[in-house]
Amino acid sequence: MFDRKYSDGVRQRAVERVLQRRRDEPENRSIVREVAEEFEVGPQSLRKWLARYDDGSYEYDSADGHADAWEPARTASTAPGGRQRGSGRRELLARIEELEQLIAVLREDNRSLTRVVSLLADQLRTATTGGVPTPDSATGHTPHASHSPHAPHSPRS
């Protein structure tokens, strides 16, 4: 194996500092560089640690030789919707699939509701005009008399 250049404690504190500063200074684009200088670590190393933290894949062997998952304190670092950052790629993909299914259901519900509103609007127009066809506000067309439920039935020529 190889010797680690930075201790696990330095990695954890540096990542936590970046996360805290991102919350406190969202406009500051040089946080990673500044924190890297503060902890005397390479900016690219810090970026890698942050990426691993975000996708939940940061694992290493602890000093006693047992594999541990590095879990920095995650206070106030939840993503929108109350999800913890670093929840892992599989969980994110599952959440995306769940949301795509929800979108499909909502689109179908929206189409159904649009049809119902259209039917109710036609019934209301017919009821308020005493069966006389009026232009449809959505299309501007006047419905044919044969389509009105109150129109007399006459043979077509």
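**Figure 1. Leucines on helix α4.** Start with L102, which sits in helix α4, the stretch covering residues 89-128. This is a predicted model, so keep in mind that you're looking at a computed structure. Is L102 buried, exposed or something in between? With a relative accessibility of 45%, L102 counts as partly exposed, because that label covers values between 20% and 50%. L102 also has company: together with L99 and L106 it makes up a nonpolar patch on the surface. The accessible area of these three leucines adds up to about 260 Å².

**Figure 2. The buried side of helix α2.** Now zoom in on α2, which spans residues 31-39. Which of its residues are buried? They are I31, V32, V35, A36 and F39. These residues take up an arc of only 130° around the axis, so they end up on the same side of α2. Here's the background: an α-helix has 3.6 residues a turn, so residues three or four places apart point the same way. And what covers the buried residues of α2? The cover includes α1 (8-24) and α3 (43-55). Just after α2 comes E40, and its phi is positive, near 55°.

**Figure 3. Stepping back to the whole protein.** Follow the chain from the N terminus and you'll meet the elements in the order α-α-α-β-β-α. That's four helices and two strands. Of the 157 residues, 22% are buried. The accessible surface comes to about 11,900 Å², and carbon and sulfur atoms account for 54% of it. Finally, take the contacts between residues at least 6 apart in sequence: 41% of them join residues at least 24 apart.

Definitions and conventions: Residues are numbered from 1 along each chain as its sequence is written. This is a predicted model: local features need pLDDT of at least 70, side-chain atom pairs count only at pLDDT 80 or more; totals for chains, interfaces and linings use all residues. Side-chain values use heavy atoms; hydrogens and water are left out. Patches are made of residues with over 30% relative accessible area and no salt bridge: like charges are joined within 9 Å, nonpolar side chains (Val, Leu, Ile, Met, Phe, Trp, Tyr) within 5 Å. Accessible areas come from the Shrake-Rupley method with a 1.4 Å probe; for residues, only the protein chains shown count as cover. A salt bridge is a side-chain nitrogen of Lys or Arg within 4 Å of a carboxyl oxygen of Asp or Glu. Buried means under 20% relative accessible area, exposed over 50%, partly exposed in between (1.4 Å probe, protein chains only). Contact means heavy atoms within 4.5 Å. The arc is that of the directions from the helix axis to the C-beta atoms.
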